Amino acid sequence: MAISRVSSVSSSKQLLSNLCFRFIRPLNTSSAVSSVGFAEKQDSTTVLLPSTEVSEDVKGLFSSVPTGKLIRSFLTLKMVSMEPVVDLGTWVMTSSLMKTALFRGMVVGVTKATFFDHFVAGRNHEEAGEIVKMLWKDGLGGMLDYGLEHAYDSVSCDLNMEAFIQTIESTKLLPLSSVSAAVVKITAICPVDLLKRMSDLLRWEFKEKTNNLPWKMNTLPIFTDSSPLYHTLHKPEALNSQEEKDLELAHQRLHNIIQKCEEANVPLVIDAEETLIQPAIDYFTYSAAILHSKDDSPLIYGTFQAYLKDTKERLISAKRAADKMGLRMGVKLVRGAYMSTESQIAASLGYDSPIHNSIKHTHDCYNNCASFMLNEIANGPGSLVLATHNFESGKLAAAKARDLGIGKDRQKLQFAQLYGMAEAVTYGLKNAGFQVSKYLPFGPVEQIMPYLVRRAEENKGMLSTSSLDRQLMKLELKRRAKAAIL
């Protein structure tokens, strides 16, 4: 159960007053998040966003949520903020014990009643569609993500392609423009081993400054001099005939998905993944964006992860190349969700982590990249999705967007948050006049487990962005307890 699953139109309209929302001058206030890249102005545009001091009156937000579900949601967010609990849960979900039918059944049952119900939009297209309709009534969009990833053979890739196409087809039955994007993972439509091979070859080509990959199509720059290349220490073998055939099939699958997006008038967001395979994912993204370029707005959005040290350089390099081509580049900016994996692989190979050394550096990178792209789309082509749960980053970006005259134009800018997270940020930005969407993963419980593990990793610890959501729920539970007593 996420708040947005049950919030009504009237409750969302009352959110500003109920949650102690106020006008803030974000560029003139000190914060824990650096405003690098955002020039300060004494007369900066005021932006309506939530205060972190929440009033007792949260009744409107939770008016349709049964107390039992509210307690489960509060406990779920509380659990994922505790590092030992998350570490244990991650170990359980990835351990060999999951191969035991009885144990797996128990884990799936607990997961369904807790994490799944809070972070996932449903088990199928119909359930996810109902969430989209509810969000649309509240003035929010939905990014539909059928939770498929990491296929290892062509048969699985074909089945996954059909599932993605069904997701896109399902949007035709939903309110016009209620689905702001369909989301796909390249790992679901191209065998992972092939992505590794392609990434190795792309890295080696960059290291050796050669241009001898016969299968390579026109693309944007994938690397910069600061990009991690340690995954490929020796010259890889060229793709064999079967691998080239599998690559052609993967291109065709992506082409089929994009065609359906064009027919449904729904943009396609391609998710980022681990640096081990990200070069190949960027290659698919860029080559497809060039082939399916549109004159008005981007059809395809690539994802940049701000927790990587080379992200800003790669973003600038790709954007400059896209401008020279006349390509309207679509960018989704996130912080990143593969921190543990990235650091472990780098350490095992004797290299520094590709991830920033501190959360402050990640915030700085995110804010810098956001500032760069806001300037770009205000004065030229391109579109931006700012996926953030961070109050200060949201305030800085919203203020700069207002200063640049970027408002409700969905083709230029929208914000996004994950379903079940950062509800106050979502509604604050929406009520400030910006286009906002919820990222809606859906699918069978066992299929969605890798996503849930990453959400748990993202939520844990002192810097958890779920702290305000927990605070809101706690206040409402207290209010209900007092009302019951009195």
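Two strands pair if DSSP finds at least two bridges between them. In this predicted model, that rule ties strands 8, 9 and 10 into a run of neighbours. Strand 8 (residues 383-387) pairs with strand 9 in the parallel sense over four bridges. Within that pairing, A387 has A416 of strand 9 as its bridge partner.

## The chain as a whole

The protein chain has 486 residues, and 58% of them count as buried. Its secondary structure comes to 18 helices and 10 strands. Contacts reach far along the sequence. Take those between residues at least 6 apart: 82% of them join residues at least 24 apart. The accessible surface is about 20200 Å². Carbon and sulfur atoms hold 55% of that surface.

## Strands 9 and 10

Strand 9 covers residues 413-418. Six of its six residues are buried, so strand 9 is largely enclosed by the rest of the structure. L413, F415 and Q417 point one way. Q414, A416 and L418 point the other way. Both sets are buried.

Strand 10 covers residues 436-442. Here seven of seven residues are buried, so this strand too is largely enclosed by the rest of the structure. V436, K438, L440 and F442 point to one side. S437, Y439 and P441 point to the other. Buried residues of strand 10 thus include a lysine, K438.

Strand 9 and strand 10 pair in the parallel sense over four bridges. F415 has V436 of strand 10 as its bridge partner. A416 has S437 as its partner in strand 10. A416 is also the partner of A387.

Strand 10 has a further parallel neighbour. Strand 3 (residues 141-146) pairs with it over six bridges. In strand 10, K438 is the residue opposite G142.

## The helix between the strands

What links strand 9 to strand 10 in the β-α-β unit? Helix 16 (residues 423-431) does, and the unit is right-handed. T426 sits in helix 16. Its relative accessibility is 0%, and buried means under 20%, so T426 counts as buried. Leaving out residues up to four places away in sequence, T426 touches L140, Q417, M421, V436 and K438. Q417 belongs to strand 9. V436 and K438 belong to strand 10.

## Accessibility of selected residues

Four residues outside this unit make a useful set.

| Residue | Location | Relative accessible area | Class |
|---|---|---|---|
| L201 | helix 9 (residues 192-208) | 8% | buried |
| H150 | loop between strand 3 and helix 8 | 27% | partly exposed |
| K209 | loop between helix 9 and helix 10 | 59% | exposed |
| L291 | helix 11 (residues 278-291) | 59% | exposed |

Start with L201. Setting aside neighbours within four places in sequence, L201 is in contact with L213, W215, P236, E237, A238 and L239. L213 lies 12 residues from L201 along the chain. Their C-alpha atoms are separated by 7.9 Å.

L291 is a leucine as well, but it counts as exposed. L291 and H255 are 36 residues apart in sequence. Their C-alpha atoms are 9.3 Å apart in space.

## Two positive phi angles

Most residues other than glycine have a negative phi. Which way does the phi of H150 go, positive or negative? H150 has a positive phi of about 55°, although it is not a glycine. H150 lies in the loop that runs from strand 3 to helix 8 (154-170). K209 also has a positive phi of about 55°, and it is not a glycine either. K209 is found in the loop between helix 9 and helix 10 (241-264).

## The second largest pocket

How much space lies in the second largest pocket? About 500 Å³. Its lining has 26 residues. V179, S180, N265, V266 and P267 lie nearest its centre. Strand 4 (residues 179-184) gives the largest share of the lining, with three residues.

Conventions. Residues numbered from 1 in each chain as written. Predicted model: local features only at pLDDT ≥ 70, side-chain atom pairs only at ≥ 80, totals over all residues. Heavy atoms only, no water. Helix = DSSP H or I, 4+ residues; strand = E, 2+ residues; numbered from the N terminus. Buried < 20%, exposed > 50% of the residue type's maximum accessible area, 1.4 Å probe, protein only. Contact = heavy atoms within 4.5 Å. Areas by Shrake-Rupley, 256 points an atom, 1.4 Å probe, with all protein chains shown as cover. Right-handed = clockwise from strand over helix to strand, strands pointing away. 1 Å grid on protein atoms, 1.4 Å probe; cavity = no way out; pocket = protein on both sides within 12 Å on 5 of 7 lines; lining within 4 Å. Points joined across faces, edges and corners; volume = space filled by probe spheres on them.
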